[in-house]
Amino acid sequence: MSRNRFDPADLTLWPTMRRLLRLWRGEWRLAAFGFVCALAFTGLSLTIPKLIQYVIDDAVVPRDRGKLLPYLALILLVASARFFVNYVRRFATARIGIRVEARMRELLYDAYLRYPRAFYDHHPTGQVLSRATNDLYPIRYFIGWGLVQGAQSAMMIVGAAVILVAVSPPLALASGVAMPFVGLLAYAFARRVHPLSREVQERKGDLTEATGEAVVGMEMVQAFGREDDVQTRFGGHAGSVRDVSVQQADVEARFLPGLIFVPTLAIATVLLVGGRQVARGEMTSGEFALFITLLLQLVWPLEALGWITNVGQRAVASAGRSFAWLEGIPALPEPENPRRLPDGPLDVRFESVHARYPTGGTVLKGVDLAIERGQIVAVCGSTGAGKTTLLNLLPRFYDATEGRVLVGGVDVRDVRLADLRSAVGLVTQRPILFSVPLRENLTAARPDAPWHEVLAACHAAGVSGFAEELPDGYDTLIGERGVNLSGGQRQRVALARALVAGARVLVLDDPMSAVDTQTERLLVDNLRPAVEGKTVLIATQRLSTVEVADRAVVLDGGRIVQDGRPGDLLAGDGLFSKLFGDEVVAA
Ligand code: CTP
Ligand code: MG
């Protein structure tokens, strides 16, 4: 697979530009239109000083009033045409930039949906979000404005230089000497101010993140009386936003006056050298005016070039980062020749499975476990033993580093992800509900589920009891904008959701940890008939849950150390009876 051979370090200027321009492909018509407009704009812009030259030499100096009006009309006509061309050009090129940005964003979101879970373990949320939002701004700016504006500026500079040299080579040379400094100054300015404005953005991001964290954790903050701490931290972030903003303002203060001053040097040269030439009759007054207007017209294109060079660098850097993610982070590989899962109930097998997290040690060190179709197996073990790790291998949230995981006799890596995940239903340890009505949460995995099945699942999972008491019953909006469910209620909704999904293998990661023991007993009694014919793995710390299982296995030190009927294991003196013995005494 060529994807894996990709090295983000290869993303230097040209490879990145090539990739960026590839995103342009559908826009060549607009782009061509933009460049034609830029060419027309340049031509018209250069015409105006020329017309001014003629009006002076032909009408003003000879005091020929009759010629003034036609010249004026002509100049107005050219200026209007230039206005129009500029107007439509901006519409066209802005669209290209916005579309390229949108395309890039779509590519990133699409990739985000496919990235394996491990990616999210190791990339801060803020970074993932900003890569698909703020980071794309320079790309839009460069593509939508920079490229065409750059071409226009270059044409303008070349055209003006040709005209100036044709009129008076010595004066062109003398006055032109200062002009490149405008460009250099603009570039130097951009180089200093852009990192600062980026930093202001980042600091604002830190501030937002800190505020968000404090808001989300307000309960803890208030419960432990950490208000002062949070206030100090907030003050620190706010202070650095202020400091960097001041630095940015200082840089602007230092450079912007210079950008106005340098062109006046060129004008001064024209006055000095050109003024003498006019006095000696070597140059007409019109040519003298031509010099001044053309030089003034050159200021912006020169500044723009300096600015664009920098915007281009930033766009390339930001596009490089995005492409590095798009191409450097492989999505969870789909099988090349996918196999189909057999129909009906499915068995599950772990064959000498090892699993390791990139940052930690090996969590599973050779798990062998065969689960028959329709069997309910409790996966036990002390906290951190690797229960969640083991269960997460089934829907391929992570892949085993060694060994195989088989569902229905097929290696999970040989099944299309979509097929695998519709066959394996999951209740995670900390279930997430969406901020939509309860009804939609229940049918999230299977929107077309018949309502009587949903109700049956709700009965089995113990949702019916509280759902009917919610203000709008099953139509009650859940979450931050609606009713906040308790931890145990959330778990029960997640369980019902998994039952509605109709998966043939149910993976329940500590599904009742937040439910009181009495409710748990009721649920457990309801659960057995509800999962009839399904193969079920339940990770749990609770004996009452283990007791519904046909079989319990105990994980310890990365291996399965005990395996048997829960009753038998409890009677023995292994780890199992140590884990659960107390509960029996307590009950
Ligand atoms: N771990 C890790 N990186 C992750 C998840 C887990 O390094 N993204 C480590 C944990 O630090 C732990 C080990 O893997 O030492 C096993 O974690 P887990 O499978 O989640 O343990 P459980 O048995 O599920 O623990 P609990 O009963 O607390 O849920
Ligand atoms: Mg766990």
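**Figure 1. Ser464 is a buried residue of this predicted model.** Its relative accessibility is 15%, under the 20% limit, so Ser464 counts as buried. Ser464 belongs to helix H16, which covers residues 464-467. A polar atom of the Ser464 side chain lies 3.1 Å from the backbone nitrogen of His459. Beyond its neighbours within four places in sequence, Ser464 contacts Leu455, Cys458, His459 and Tyr474. His459 thus appears both in the polar pair and in the contact list.

**Figure 2. Twelve named residues surround ligand 1, including Asp121, Ala385 and Lys387.** Also in this shell are Tyr357, Val363, Thr383, Gly384, Gly386, Thr388, Thr389, Gln429 and Gln541. By class, three of the shell residues are nonpolar, seven polar and two charged. Helix H12 (residues 387-392) supplies the largest share of the shell, three residues.

**Figure 3. Side-chain and backbone atoms lie close to polar atoms of ligand 1.** A nitrogen atom of the ligand is 3.3 Å from a side-chain N or O atom of Asp121. For Ala385 the partner is a polar backbone atom, 3.2 Å from an oxygen atom of ligand 1. The side chain of Lys387 places an N or O atom 2.7 Å from an oxygen atom of ligand 1. On its own, ligand 1 has 610 Å² of accessible area, and the protein covers 66% of that area.

**Figure 4. Thr388 and Gln429 coordinate the magnesium ion, ligand 2.** The donor atoms are OG1 of Thr388 and OE1 of Gln429, at 1.9 to 2.4 Å. Thr388 sits in helix H12, while Gln429 sits in the loop between strand E6 (424-427) and helix H14 (438-442), so the pair ties together parts that are 41 residues apart in sequence. Thr388 is partly exposed, at 26% relative accessible area. Gln429 is partly exposed too, at 34%. Both residues also belong to the shell around ligand 1.

**Figure 5. Leu555 is buried, with 0% relative accessibility.** Strand E9 (residues 551-556) holds this leucine. Leaving out residues up to four places away in sequence, Leu555 touches Leu364, Val367, Val379, Cys380, Gly381, Ala385, Gly386, Lys387, Leu390, Ile560 and Leu575. Among these contacts, Ala385, Gly386 and Lys387 are also listed around ligand 1. Glu213 is 342 residues from Leu555 in sequence, and their C-alpha atoms are 35 Å apart.

**Figure 6. Helix H1 packs through its buried residues.** H1 runs over residues 13-22. Its buried residues are Pro15, Thr16, Met17, Arg19 and Leu20. They pack against two helices, H6 (137-167) and H11 (285-328).

**Figure 7. Ser352 and Asp510 have positive phi values.** Most residues other than glycine have a negative phi. Ser352, in strand E1 (residues 348-356), has a phi near 30°. Its relative accessible area is 38%, which makes Ser352 partly exposed. Asp510 has a phi of about 50° and lies in the loop between strand E7 (505-509) and helix H18 (517-530). Asp510 is buried, at 7% relative accessibility.

Conventions
Residues are numbered from 1 along each chain as its sequence is written. Chains are lettered from A and ligands numbered from 1 in the order in which they are written. This is a predicted model: local features need pLDDT of at least 70, side-chain atom pairs count only at pLDDT 80 or more; totals for chains, interfaces and linings use all residues. Side-chain values use heavy atoms; hydrogens and water are left out. A residue is near a molecule or strand if one of its heavy atoms lies within 4 Å of it. A polar contact is a pair of N or O atoms within 3.5 Å; within protein, one must be able to donate a hydrogen and the other to accept it, and residues adjacent in sequence count only if both atoms are side-chain atoms. Accessible areas come from the Shrake-Rupley method with a 1.4 Å probe; for residues, only the protein chains shown count as cover. Helices (H or I, at least four residues) and strands (E, at least two) are DSSP runs, numbered from the N terminus. Ala, Val, Leu, Ile, Met, Phe, Trp, Tyr, Cys and Pro count as nonpolar, Asp, Glu, Lys and Arg as charged, and the others, Gly among them, as polar. Donors are N, O and S atoms within 2.8 Å of the metal (3.2 Å for Na, K and Ca); water is not among the atoms, so sites may look incomplete. Buried means under 20% relative accessible area, exposed over 50%, partly exposed in between (1.4 Å probe, protein chains only). Contact means heavy atoms within 4.5 Å.
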